Every structure is written in C-alpha cells, then in structure tokens.
Amino acid sequence: MQRIFYTMLLYIVFFLLTYGSFSENKKTKSKRNIGVYVLLALALVFRLLISVTVEGHRTDIACFKTWAARLAEVGTQNFYAPDYFADYPPGYMLVLYVLGKIAAMLGFSGSMAGYTLLIKLPAMLADIVLGWTVYRCARENLQKGSAVSLAALVVLSPVIVLVSSLWGQIDSLFTLAMIASLLFIYRRKFVSGALLFAVCLLIKPQVLLIAPVYLCAYFGEKNLKMIGKSILTGLAAVFVAALPFTANFNFMWLIDKYAATLKSYPYATVNAYNFYALLGFNWKDISSKFLALPITFWSYAVILAVTAGSMWFYFKSKHQAKLFYTAYLIIAVMFTFGAKMHERYLFPALILLIFTYIFTGEKRFLFLFMVQSSAHFLNVGDVFISDINKGGVSPVMMATAAVLHIGAAIYSLYLAYDYFIPHVRREKVTETAETGQRRLVRADYLAMAVVTLVYSCVALWSLGDFRAPQTFANVRGGVVADLGEVRGIGSVMVYQGVGSGNYDIAYSADKVHWESYAAQKGAAVFAWRRSEAEVEARYLKIASEDALDVGEIGVVGSDGRRWEVSSVETPELTDEQSVVPQSATYMNGTYFDEVYHPRTAYELLHRLPPYETTHPPLGKLILSVGILLFKMTPFGWRIMGTLAGIAMLPMFYLICKRLVRRTDISAIATVLFAFDFMHFSQTRIGTIDSYAVLAVMAMFYFALEYFSLDLQNAPFGRGLKWLALCGMAFGIGAAVKWNCIYFAPAIAFIIVFAWIKGFVKSGGDAAYKKTFAVSVAWSVLAFVVIPSLIYFASYLPQISYDLHGRTPLGYVVESAKSMYDYHSELTADHAFKSKWYEWIINGRPLWAYIDSELAKHNVISSISSFGNPLVWWGGFAAMLYGVYLSIFKRNAAAILIFAGYASLLLPWVGITRVTFIYHYFPCTPFLVLATAVAMKHLAEYRRADMKWMYGYGVLTVLLFVVFYPVISGSPAAKWYVANVLTWFDSWTFFSG
C-alpha cells in the first residue's frame, strides 16, 4: 500500500513541476523536439526492464499465455471450442496467434521471462505510440514545451505503466485504437473512424459504452451515403477478423460470444472502486438492493441517463473537442455510478482527457486528469497487489479511490456545463481573499440570530424530562417495599443510580417466603429498567451483591394500574412515586455514553471517587453546571451540551464571515451546519464532545483573527491578545478531551503562515524582526504555559477530596498516564465501530438508542449519530475542490480550512483501537466551511446563480426533517424507517 501511495505522490510532484510548461494558448504550432524521442526510448526501455520483474496478473497473464499457445497449436478455426474458456473477441486473438507462433519458434513456455516479455510487448509498444500520438497532436495545437510535457505525463503515468508492463493487460492497445478512431472522426474521415471502431470492438466490447458518441457524430452529419459506407466498412472489418475463426461461414458464434461476455460477472462492481464499492457492494450480486430497489434497476437508470445526457451534451455543445469529452464523460460516469464495472474500465478516459486538453487548452482538464489518474492508480494498483499477494483488497484504498472517483465525476459534469455549454457568461471578477465586507453588518446579526433561535427551539424540544428521582437508597443486602396488601403485579420499574448495575428482585406475600421475580444484569445508570412477570405479592425486595443505589421503585398491576408503594425501612426507595413513568425512554433516563459522563459529573458534585477517568475532568465539570441548575435529571445533564451546540452557530457564523466575507453565503453555511444530523444528535446527548468541538472552533476563530492582522502596522498588543485567547481555547479543549490536541498542527500552521506573510510584506525590516521575536516568546506562554495551567486547574475539584496521599502534580500525571494506557491498549470491540474512511462516506452510523417497548408495536423511537448526507458528501466534494483552489488559485481560505480538516482527521488514520463515527464530529465545521468557500468561488469567480445555493440550504433542512425521527428519538412507523430512511444496509436504526 505504501509503495502505491509514494508512487502516486511522486507522480503528482512531477505533474506540479511540469504544470508551468502547459499553455492555454492553442494553434501555435511548435517545432519538432528531439527530446521526445529520448523520452519515448527511455520509457520503452524502462518498461522492458520492469516487465520481467513480475509475472503479471495471475489470471489475465495465464489466459493470454494459454490462448497464445493454443492458437499456435490448433490454429484459429479450432480455437473457440464450446467447452473451452476464452471470453475475448477475435481481434486480439489474432495478435496472440502471432505471439504464440513466435514463442513456439523461440521455445518460450510457462513462466519464462522471455515469454512474459513477449506477451506484454504489444501493450508496452501501444503505450509508446500513445505517447507519440499525444505529442504529435499537442505539437500542432499548443505552445512549445507543452507537447513533450504531455507525452511525458502519458508514458510516465504510473497507472499506464502498471497496466501494460506489470499487469500485462492490453488496455493501451484498445485505447490507442479508440483514440485513433476519434481522431479520424475529428478530422472528418468518417469511414476510417468506423474501421477503427470495429477494431476496438474486436479487441474489447467495452467500446460499446461510447456508442452514443458515434451515433451523434455520424447521424449529426446527415449524410446517408457516408453513414452507409462507414457501416459496411466496419462490418467488413469484423468479417475479416472473424473469418479465420469461423467454420462454414456461420458467424452466429460471434454474436453468442459477445452476448456471453456482456452477461458475465453479474455483480454490482468487480473491483471497480466506485460508488457501489464505497457502499460495500464490491463483488455483491447485482440483484442486491440499494435504496429499496435492486442495483439492476439503478444500472438501467444510469445507462438511460448517461445515454440521453451525453447525446444532449453533444448536440448542445459547439466546440469540436466535445467528441473526446463526451466519450470521457460516458466512461467516467458509467465507471463511477454504473454497475458491472471492472477496475480497468476507466483507463481510456484518462487519454480522452489529455486530448480534450490538447484541443481546448483549458488547464482544468489537466487537473481533472491528475485526479482521475491518481484515483485509477490507487484502484488498479491495489487490485494488482492483492492478486500477486493472494490477499484481500484494502478498504482504505477502496474508500480513497472511490471518493476521488466520485468527486472527479461530479467535477467533470460541472466542467461540461461551464466550458462546453453556451450560456450567459458574465465578466469574471478577479479572485481575491479581500472580496466582500469583513465587518459584521445588521444583516449578519439578523441572520445569526434567526438561525440560532430557530435551531435552539428545535434542539431544546423534547431534550429530556425535568423530573427524576433525587434520593437514593443503597440496596446491598436487600431493601423491602410494601404494596399494603397482596396485589396482582404485572411489571416493576426500578430507577438505578450509581453502582454495578446488577440487582435481583424477589417477591413475597408474607415477607417470610421469597421467590425470584427478576434478575437484571448490565449497566443502567440513572435510568429506569422494567421487569415483567405476573405474580401475586405484597412485598418486593431489591438486592445487589455490590454497592448499588436505587432511586425509586414503581409497580404496575396486572390490570395496568400503577400501585402506590411504600418503604418504612428505606423511605428513599418510595418517596417520589409521582415521577415513576409509564415506560423507560431516553426522555427519563440515560442512554449510550451517558452512563459515564453524567455519572462522573454527579460523583464530582457529591465528592465521590470518579468512575470515568478516561478523559480529563473539565467536560464533566461543565456538564455538572446543568445538574446544579436543573438537578440530576435528563434535561439537567444534557442542557450544557445542547447550549454548547447552540453556541457553535454564532461562532461558526463569525468564522465563516471572516473567511468568505459575504452575508448570504455565511447564512446558508450556518444553516447547513445547524441542520447537520450529527451536530443535532451529538450535542443533545450528555457527553463531552460538544465542548470539545466548540473549543476547536474557538481556536480556529482566534487563529484566523491573528492571521488577518497586518502584523507590521496593527497595534502590537492586538496580536498578542488573539494568541493568548487561542492558547486559552487550546487549554480548555485539551482539558475536555485529548482529541482537541490534534488541532495543534493546524494552529501552528496558521500562525507560522501569518509570520511568513508578515515577513514578506515587511521585507524583513528590523521592526518586524522585533515583533516576530516577541510573538514567538509569547506563543510559548500562550500555547504551553497557559494550557498547562488550565489543564492542571481542571483537576482541582477532584484533588480537593480524592488526593489520597499523592501530590497534586503527581495526581494529574498519574491520571494522564492512566488515560494514555487505556486508549492505547483498548482492545474492546463494538457492533457500530467504524474506520476513518467510513466516516467520510457516512458509512456506519452509531446507533445509540432504541425504545424496545415501542418497537414491539412496529413503532420506532431511535437515535443515531451520523451526518446529513447533503452536508457531509457535499462538504467533502467541496474540500476536494478546496484543494484545487489551494494549489491552482492560491486561495488562502481554502488552505486554512484544509489544514484544520487534515489536522483533525489524519491522526485517526494510524489508530488501530475501536473508533466511532462521532470522532469525525470536529471535522464537520470544516466540511461546511469548505462548502462556503466553494460557494463564494463559484458565485464570484464562476458567476454561479445563488438560487442553487439557497436551494441547497433548503434541501438540507428538508432532509433534516425527513430523518428527524432517527436522530431525535421521535416515534415513527417502522415501514417509514425501513423503506424511506434506511438508505444502505450499514445504516441500522432498529433490529429485526
């Protein structure tokens, strides 16, 4: 895997180094360059040398060698026997016939290096001819220097080298025939184009994918005579190639061969790292369901849409290069969203992009080529290595390549519209980070207030009950409750406090003879638990072997009525009967990780040894403020996190306005962030993630304020203020959750970036050097001393009663070591675990809660943590677009956002312990910020209509409404959750 990544990165560096030699000026024919001959010769020698280092793809190279030997032995006419496997059409079989004869003459066989080289030679030579063809066409259409650089991009492309020289496949030969065919059509030599189309068809039937291009090109000429000659020429070529394999002029075998080939591999995807692979459908039967319909349906829908769309695009565009780009679009979109795709089906699309650039001079097609070739190399390289190592494919490679393929396909559709389709083009404005109003205006305050107020109402609605038992009795050894007389008992409700969570219930009519009623096991802290059994009894006894506090016991009779219960010995057990609910729900008790953090907050308030010590205490201290205000109730232990989620919105707005300097886009982006599913569900649960994410956002905001200063002319103290505030936010974040420390590289990058910017602007004068020296010294104070003091101070409440002979500093150090050991050595598994690459695609939501009693009646009350697909998928596409803006437009906002996103995500790549999708929560604001920057660029530089962006915001809110039941716990019909909301098999919202 590492070799593939390093090779890809090396090629990207080569691309960037040569990028400057490419020109957007066309039709400035350059002189022949002797360097191209040296380049092509060296490329061929390199291929010859590496081709014998590995046998090739085990299945493909074995087939080619076996077929060549059989052709040499039995001849062509006897080759296609009914019981013999040969799924290639006769075109390349003629080449293999020649190779088989040569191998027999030279005595080559089996795995001999000479035989391997011979079999791979046609594809390697096709690589070189492709490079030469690119050079010749580029020399006629682009400025001097571009032609050789383009040829180098082709012949040195890792994926092209791998497929021909290492894998041993013939995609280069097939692509060469396709390109030659399209070049003839481009030059209006239609008959020759038809001849070479037939050659392509004889090599691989995949050329049928771009049949719509040929239909448009030929019938668009409205020349029936030419069309007839072309059809006859193509048929003649097929006839001539098939004749040596045909007995008695019966060509039906050829039709059967193509039909069988097209029906083979009935899978959603065959190692093509595309949309279906991303969703877990690699090698899954094509009848598998996606969005409640079989993939077969979606396959036909994609074929229909691509065919109709490509033909519309072809006739709508007036640019001649549309011939190549239409073919590219069909292959790229079909590969990405179509079914039954193999890993190498995208190969011709790469060369089609090169020729699109040659005939347009538009550099964006080169950028698209770089992305597509990198993704394709990851895909093909991983499949090839898994084959030679006889292992499985890499999920990381699959996810990375699939995301790149999807992003490239979406961007290619945008390019099709933006470059080829005639539309009103308003004059572009010069792109600059200073475009727009930096200062907040009345509209900003209004937008900020409205979004925050609306979201607050939604977030606080049904957050949790204001009432719960507040007095507790320890039940170790057993405590008894009295119903007053013998009654029919149908169920018993017990509200548990701190303790082991295990207890037994016994019942008796006379308080002498006891029988077991129920035995409850497992964690249920500050939550109700129902036990059901119909018995006759007056007394109930609750006992636990360990220390367990019980807040209240409630009894429901067999007739459905709730009975009053009393306990003389332990009145705390029955003194709050009015708070006993009808059923246990998220509204009246803890769920998921609330069994840890609210409990610890309660223990800190009551000076008890803290149970949960896997994170620093500040988050639990903040949570305890809500408990102080609203008691130990669900609303009390959730309100502070919810308020932090609400506070994120104005903070986000300030950050967004700082970056894009537009009120409308800042408002839309804040709506996107507000109505992201995870922002809603994760801030309404009584855990500490809300405070950590808010701290990260505060760090980013303060760092941006520092970055925006004119360090040469701004008041000196202003810069130190922002550094100090950023350091304080860093200390608060670290004292809440160590994950916040991951953001340190992003802060360092922004600050150093600001220093470099100031140095360049000042010319390195003495005054700036003094400012810089003081800033460095102050940064040590701001980011080392201040955070350390905050971190230490967060332990003071615990230290005040839990020291037990340790020094205060020793207590903090020991706690840190314990935390590190816990997280680094954690080996526990979980049904809803997920890896970092699954977070990007929303692959595995964390199912946190289900109301099991309602589920029995086909009503689902469920809470899951995952992202709004429009926000996460659109945000990641925008992040990739931001990479483009960073590299080619030097967009500072995009650079800073990507730095923040990468800083938070990349540390998880190497972590092997169990992880969950909510670990991606801190990345969510940066996804939306990337979306805002993309909107700004499209609106101002590309002059996109803002109505589409408003529509995007509206759709995001509508999707939030649609999914509200499974992120809030609001009851919904089971059929609705199963058929409307369960988009993928990995999305679990209920069981059974």
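This is a dialogue on how to read helices, buried residues, cavities and backbone angles in a predicted model.

Trainee: Where should I begin with a helix such as α36, and what span should its 23 residues have?

Mentor: Begin with the rise along the helix, and remember throughout that this model is predicted. At 1.5 Å a residue, the 23 residues of α36, which covers residues 946-968, should span 33 Å, and the end C-alpha atoms are 31 Å apart, which agrees.

Trainee: At which residue does α36 bend, and by about how many degrees?

Mentor: The bend in α36 is at Val962 and comes to about 50 degrees, with a proline, Pro965, following within four residues.

Trainee: What is found at the two ends of this helix? Which residue caps the N-terminal end of α36?

Mentor: Asp945 is the cap there, since one of its side-chain oxygens lies 3.1 Å from the backbone nitrogen of Lys947. At the other end, just after α36, Gly969 takes a positive phi of about 90 degrees.

Trainee: How does α35 look by the same kind of reading, and how many of its 18 residues are buried?

Mentor: Helix α35 runs over residues 924-941, and the distance from its first C-alpha to its last is 25 Å, close to the 26 Å expected at 1.5 Å a residue. A residue counts as buried when its relative accessible area is under 20%. By that test 17 of the 18 residues of α35 are buried, so this helix is largely enclosed by the rest of the structure. Val933 is a case to look at: this residue lies in α35, and its relative accessible area of 5% makes it buried. In sequence Val933 and Met949 are 16 residues apart, while their C-alpha atoms are 12 Å apart in space.

Trainee: Polar and charged side chains puzzle me when they are inside. Is Glu705 buried or exposed, and what does its side chain contact?

Mentor: Glu705, which lies in helix α25, counts as buried because its relative accessibility is 7%. Its side chain makes a polar contact of 2.6 Å with the side chain of Arg658. You can read Asn141 in a similar manner: this residue lies in helix α5, residues 113-141, and counts as buried at 12% relative accessibility. The side chain of Asn141 reaches the backbone oxygen of Cys137 at 2.7 Å.

Trainee: Now I would like to look for empty space. How many cavities of 30 Å³ or more are there, and what lines the largest cavity?

Mentor: A cavity is a space where a probe fits but cannot get out, and the count of those with 30 Å³ or more comes to five. The largest cavity holds about 120 Å³ of space. Its lining has 14 residues, and those nearest its centre are Ala692, Asn739, Cys740, His919 and Pro922. Helix α25, residues 689-707, contributes the largest share of that lining, with four residues. Sorted by class, the lining of the largest cavity has 10 nonpolar, two polar and two charged residues.

Trainee: Which element gives the most to the lining of the second largest cavity?

Mentor: That element is β14, which gives three residues, and α24, β12 and β14 each supply at least two. The second largest cavity has about 60 Å³ of space, and its lining includes Tyr591, Phe592, Gln682 and Leu846. By class this lining has six nonpolar and four polar residues, with no charged residues.

Trainee: You mentioned a positive phi earlier. What sign does phi have in most residues other than glycine?

Mentor: In most residues other than glycine phi is negative, so a positive value is worth a second look. Just after α35, Arg943 takes a positive phi of about 55 degrees. Arg188 has a positive phi near 65 degrees, and this residue is found in the loop between α8 and α9. Arg607 also has a positive phi, near 55 degrees, and lies in the loop between α20 and α21.

Trainee: How should I describe the accessibility of Arg188 and of Arg607?

Mentor: Because exposed means over 50% relative accessible area, Arg188 is exposed at 52%, whereas Arg607, at 49%, is partly exposed.

Terms used:
Residues are numbered from 1 along each chain as its sequence is written. This is a predicted model: local features need pLDDT of at least 70, side-chain atom pairs count only at pLDDT 80 or more; totals for chains, interfaces and linings use all residues. Side-chain values use heavy atoms; hydrogens and water are left out. The expected span of a helix is 1.5 Å times one less than its number of residues. The bend at a residue is the angle between axes fitted to the seven residues ending there and the seven starting there. A polar contact is a pair of N or O atoms within 3.5 Å; within protein, one must be able to donate a hydrogen and the other to accept it, and residues adjacent in sequence count only if both atoms are side-chain atoms. On a 1 Å grid over the protein atoms alone, a cavity is a set of points where a 1.4 Å probe fits but cannot get out, and a pocket is an open set with protein on both sides within 12 Å along at least five of seven lines; lining residues have an atom within 4 Å of a point. Grid points are joined across faces, edges and corners, and a volume is the space filled by probe spheres set on the points. Ala, Val, Leu, Ile, Met, Phe, Trp, Tyr, Cys and Pro count as nonpolar, Asp, Glu, Lys and Arg as charged, and the others, Gly among them, as polar. Buried means under 20% relative accessible area, exposed over 50%, partly exposed in between (1.4 Å probe, protein chains only).
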